[in-house]
Amino acid sequence: MELTIRTLEPLDYPLLEDFLYHAIFVPPGAAPPPQDVIYKPELSVYIDGFGGRDDFGLLALKGGRAVGAAWARLIQAYGYVDDDTPELAIAVLPGHRNEGIGTALLTSLLALLCERGYGRVSLSVEKANPALHLYQRLGFKTINEKNGDFIMLKEFPPERMADFFNTRAEIYDDHMNVDMALDEFYQAVADLIIPPRPDFHLLDLGCGTGLELERLFENYPDMRVTGIDLAQNMLDKMHKKYPDKRMRLICGSYFNMDLGSSFDIVLATYTLHHFDIATKRELYQRIHAALKPGGFFLFGDFTAPSREQQDLGITKAAQTQQENKLSTSECYHLDMPFTAQTEIALMKDAGFNSIHLTHQWPQASIITARA
């Protein structure tokens, strides 16, 4: 019978109780635990309330019957690493093991998590569990040992920036609006922009699908926009959203093109946290030069809550580049957010004045500055 793998749907969620039970490793010759063991808090955390925005799962079917499942969620369970790393669970029903179902499920789940923007995923496995070899084969590495279990971690290699966003263009708006709940952020951006005239010229760096422009177009329908982004699929969606607006959309890197000197406003939202200090310092100088005298720069992005977190992110990005032998001449999707104070210092060095930290959330900030 042909194997089919599909996304877990709400009607499938009750099946996770059975699959969680079958995910428990029972050594050869040992008696299986009672069925109600899955209701213990340390196990029920894998399935209780499944279906949230950070829950992902797949179901394997043969002949229309569910024979396996793999799912992941942000929980503090046996394989916990940190609050940003999902933990996965996987089970194949007895009688259907050693048929490649586990490999197919796990491979598909890893691809789904990578597509959704997660950088890594963890799991817990007993040393004697034969599934350990599957996890090792798919690139999981042991990072800790606890009570006879291995905690394993799978790091996803960084993608080229253009590939990352081209692949995720269809889900990008939902991710930003729903998963990240950025309505307050985008409203704050719109409220801060007071243009010098109705047909002002705005440069949008890393414009993506133009989420940050929606409220601005409502307020200023005659504004002119030059948008630059590496991902053509994102620009295509932006063009469909605003087909009658005065826009010039350019697919390319804003590091490699002449930005000119004719803009009233430069906008950069959720795009600059991928770059190191030297790269950003030079870019801020070019942004300053791209603005008319007295022009307005708005930065809105991830920011580190402390200098320690900033330095940790920079170090981790450098290690990732080295371990994966990434070319320094290409742009990869690596995160290294700086503190708001570092961003302000870089803007001052570039010649900006009237710099204000207008909004700050636990992991994001909005900063405005004048040329």
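**Exercise 1. Decide whether T271 is buried or exposed, then describe its surroundings.**

Solution.
- Step 1: T271 has a relative accessibility of 9%, so T271 counts as buried. The cut-off for buried is under 20%.
- Step 2: The model is a predicted one. In it, T271 sits in the loop that joins β11 to α10.
- Step 3: The T271 side chain forms a polar contact with the side chain of Y254, at 2.8 Å.
- Step 4: Leaving out residues up to four places away in sequence, T271 touches L205, G206, Y254 and D301.

**Exercise 2. Find how many cavities of 30 Å³ or more there are, and place T271 relative to the largest cavity.**

Solution.
- Step 1: The count is 1 cavity of 30 Å³ or more.
- Step 2: The volume of the largest cavity is about 210 Å³.
- Step 3: Its lining comprises 18 residues, and the closest to the centre are M161, F165, G206, D229 and T271. T271 is thus one of the residues closest to the centre of the largest cavity.
- Step 4: Turn to the elements. α5 (161-167) supplies at least two lining residues, and β9 (224-229) also supplies at least two.

**Exercise 3. Compare the two non-glycine residues N147 and Y270: give the phi, the loop and the burial of each.**

Solution.
- Step 1: Start from the background. Most residues other than glycine have a negative phi.
- Step 2: N147 has a positive phi, near 55 degrees. Y270 also has a positive phi, near 50 degrees.
- Step 3: N147 belongs to the loop between β6 (141-146) and β7 (149-155). Y270 belongs to the loop between β11 (263-269) and α10 (277-290).
- Step 4: N147 counts as exposed because its relative accessibility is 77%. Y270, at 9%, counts as buried. The cut-offs are over 50% for exposed and under 20% for buried.

**Exercise 4. Characterise α10: its span, its N-terminal cap, its buried face and what covers that face.**

Solution.
- Step 1: α10 has 14 residues. From first C-alpha to last it reaches 20 Å, close to the 20 Å expected at 1.5 Å a residue.
- Step 2: D276 caps the N-terminal end of α10. A side-chain oxygen of D276 lies 3.4 Å from the backbone nitrogen of A278.
- Step 3: The buried residues of α10 are K280, L283, Y284, I287 and A290. Down the axis of α10, these buried residues fall within an arc of 120 degrees, so they line one face of the helix.
- Step 4: On the face turned away from the buried side are the exposed residues A278 and E282.
- Step 5: The cover over the buried residues of α10 includes β8 (201-205), β11, β12 (291-302) and α12 (340-349).

**Exercise 5. List the buried residues of α9, say which side they take, and name their packing partners.**

Solution.
- Step 1: Helix α9 (residues 232-241) has M234, L235 and M238 as its buried residues.
- Step 2: They cover an arc of only 95 degrees around the axis, so they are on the same side of α9.
- Step 3: The buried residues of α9 pack against α5, α6, β9 and β10 (246-251).

**Exercise 6. Work out the burial and contacts of R168.**

Solution.
- Step 1: R168 is in the loop between α5 and α6 (169-179).
- Step 2: Its relative accessibility is 5%, so R168 counts as buried.
- Step 3: The side chain of R168 reaches the backbone oxygen of E115 at 2.6 Å.
- Step 4: With residues up to four places away in sequence not counted, R168 touches C114, E115, R116, G117, E159 and D163.

**Exercise 7. Locate Y220 and identify what it touches.**

Solution.
- Step 1: Y220 lies in the loop between α8 (214-219) and β9.
- Step 2: P195 is 25 residues apart from Y220 along the chain, and their C-alpha atoms are separated by 8.8 Å.
- Step 3: Not counting residues up to four places away in sequence, Y220 touches I193, I194, P195, P198 and F200.

**Exercise 8. Describe the second largest pocket and find which element gives the most to its lining.**

Solution.
- Step 1: The second largest pocket has a volume of about 1,200 Å³.
- Step 2: Its lining has 41 residues, with H22, A23, F25, I90 and N129 nearest the centre.
- Step 3: Elements that each supply at least two lining residues include α1 (15-23), β4 (87-92) and α3 (101-115).
- Step 4: β4 gives the most to the lining of this pocket, with 6 residues.

Notes: Residues numbered from 1 in each chain as written. Predicted model: local features only at pLDDT ≥ 70, side-chain atom pairs only at ≥ 80, totals over all residues. Heavy atoms only, no water. Helix = DSSP H or I, 4+ residues; strand = E, 2+ residues; numbered from the N terminus. Buried < 20%, exposed > 50% of the residue type's maximum accessible area, 1.4 Å probe, protein only. Expected span 1.5 Å × (residues − 1). Arc of directions from axis to C-beta. Contact = heavy atoms within 4.5 Å. Polar contact = N/O pair within 3.5 Å; in protein donor to acceptor, adjacent residues only side chain to side chain. 1 Å grid on protein atoms, 1.4 Å probe; cavity = no way out; pocket = protein on both sides within 12 Å on 5 of 7 lines; lining within 4 Å. Points joined across faces, edges and corners; volume = space filled by probe spheres on them.
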